[in-house]
Amino acid sequence: MQRRNFNLMLAASALSLCMASTAIAAEITAPLSVDDVAALGDVTLRVWADAGEEAMLNKLIPLYEETYPNVTVELTLKGWGDLMGTVVNAMNSNTPPDVTNGNQGFAIMGTMVKAKLLRQLDDFITAYGIDQGVPASGFASMRWNDEGTAWGEGHIYGMGGATQPLGLFYSKAKLEALGIEPPQSIGDLEAALVKANEAGELPIMLGNAAQYPLGSHVLGILIDMYSGVDEVNAWIAGKEGSTFDMPGIRKALETLKGWGDAGYFGRGYDGRSLDDAVAAFGGGEGVFFLGGSFNGARLAAVDPDAFGFTLLRGEGGEYVTTGTFGTPWHVSAKTELEPAALAFLGMMLSKDFAQAYADVSRLPNANLETVTPTGSMHEAQLAAARALFADGEFVGYLDWATPTMQRTMGTQAQMLLAGRTDIDSFIAAVQQDWEPYQAERLAQ
């Protein structure tokens, strides 16, 4: 409860400090020109970023500074936890970064929208054509009402450069040895897990030492298979009257428990970190690995052709997956370098720069159809993303629902597989986290 109150107090504090001092920026109708940026004179653009963006930024910044020679980029890289713990206060300061990574959900993006710390990006998205060729559902997590109390509607406040859907990685060599075709549906996967287990293989590599990602990514994929997109997103978004007690979620929890009871995750996974699990899978342990496409870069570095990736079709036959357009980038509402900041994002998100994302085995939102892959696994990821963009829908991450939801889901999933809780208690614990936070949020 203290953590919930802290986030609500932070939002209220930021709101009172900044609401009067920010103004709606002038809209743009075309990409910013070199002359537009040059008119600023010699300036320094302050950029904060997640450390995972370093490889991409090492390509972007020299190109940007060459194109706009009056701008020097001052880059601050932070680990994910550090960034999430400091970005709101930094954006609320008198000297915020002009451009920063953030995160979807109430605790980070919602707080900054409510406090008027972010520039709306609707005009930027249209002027640069960033909404062309991408599914409208991907923007849902970037849209907020003016009060910062509901996402999925209203203005766009952020955009990512590379999509990162959750999906299924597999060892090509192990599937071939087992005589298993790459699964295309949840039913295919269930049959493959049985066969792998009977052959004495570890069916699923998992590392859950931080109570993550069992209760988020693994369970999230199963929820995607059995649930309706709209009802799950409504619960994550805090829609009044929503409940976690849905038939599809019960079925997902039953499946997760069944996998645990059958030994599909092996032993010792609660003592293994996610990074160690990815490394072990890359080293030949396990037939499958369930997780975000962003893990692909590490596997491709081991062998770009040894692994495959696919999205699974749910019970309804459609591609539905937890995912987004990537970690969002934001422009400060207080920046005095708006043309330089928008030009920075415009270059980053452009079709011309898309190959730079692909060169580090990521999945650019722009030019997804024509970028050159780094190997066969990356090609499979690109094909999956293309299929999702053409014929699928995004579901939000479960932990966006409250600031403490990741811990609640992680604890409950761990307890479920250990036999220390049941499905009814799991659902009740999650809803008990959700209800008071949403009530407090709506009362602000």
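A residue counts as buried here when its relative accessible area is under 20%, as exposed when that area is over 50%, and as partly exposed in between, with a 1.4 Å probe and protein chains only as cover. Keep that in mind as we walk through the structure, which is a predicted model: local features need pLDDT of at least 70, side-chain atom pairs count only at pLDDT 80 or more, and totals for chains, interfaces and linings use all residues. Residues are numbered from 1 along each chain as its sequence is written, and side-chain values use heavy atoms, leaving out hydrogens and water.

Let us start with the whole chain. The protein has 18 helices and 13 strands; these are DSSP runs, H or I of at least four residues for helices and E of at least two for strands, numbered from the N terminus. Its C-alpha atoms fill a box of roughly 70 × 50 × 35 Å along the principal axes. The radius of gyration is 22 Å, which agrees with the value near 22 Å for a compact globule of 444 residues; the radius is taken over C-alpha atoms, and the globule rule is 2.2 Å times the number of residues to the power 0.38. Of the 444 residues, 58% count as buried. Contact means heavy atoms within 4.5 Å, and among contacts with a separation of 6 or more, 78% join residues 24 or more positions apart.

Now to the interior. The largest nonpolar core has 146 residues, where such a core is a set of buried Ala, Val, Leu, Ile, Met, Phe, Trp, Tyr and Cys residues joined through side-chain atoms within 4.5 Å. Those with the most contacts inside this core are Tyr64, Trp235, Trp259, Phe265, Phe344 and Met348. Phe344 is a good place to look around: leaving aside neighbours within four places in sequence, its contacts are Leu45, Val47, Leu57, Leu60, Ile61, Tyr64, Val73 and Val99.

Phe344 is also one of the buried residues of helix α14, and Met348 is another. This helix spans residues 338-348 and is largely enclosed by the rest of the structure, because 10 of its 11 residues are buried. The buried set includes Glu338 and Gly346 as well.

Helix α5 (residues 106-114) is mostly covered too, with nine of its nine residues buried. They run from Phe106, Ala107, Ile108 and Met109 through Gly110, Thr111 and Met112 to Val113 and Lys114. After α5 comes Lys116, in the loop that leads to α6 (122-127). Lys116 has a positive phi, near 60°, in a residue other than glycine, and counts as partly exposed because its relative accessibility is 26%.

A second loop worth a visit joins α8 (186-198) to α9 (214-226), and Pro213 lies in it. The peptide bond from Tyr212 to Pro213 is cis, with omega near 20°. Gln211 lies in that loop between α8 and α9, and its phi is positive, near 55°. Its relative accessibility of 23% is why Gln211 counts as partly exposed.

Our last stop is Ser293, in the loop between β8 (288-292) and α13 (296-302). Is Ser293 buried or exposed? With a relative accessible area of 4%, Ser293 is buried. Not counting residues up to four places away in sequence, Ser293 touches Thr163, Gln164, Pro165, Phe169, Phe309, Leu363 and Gln381.
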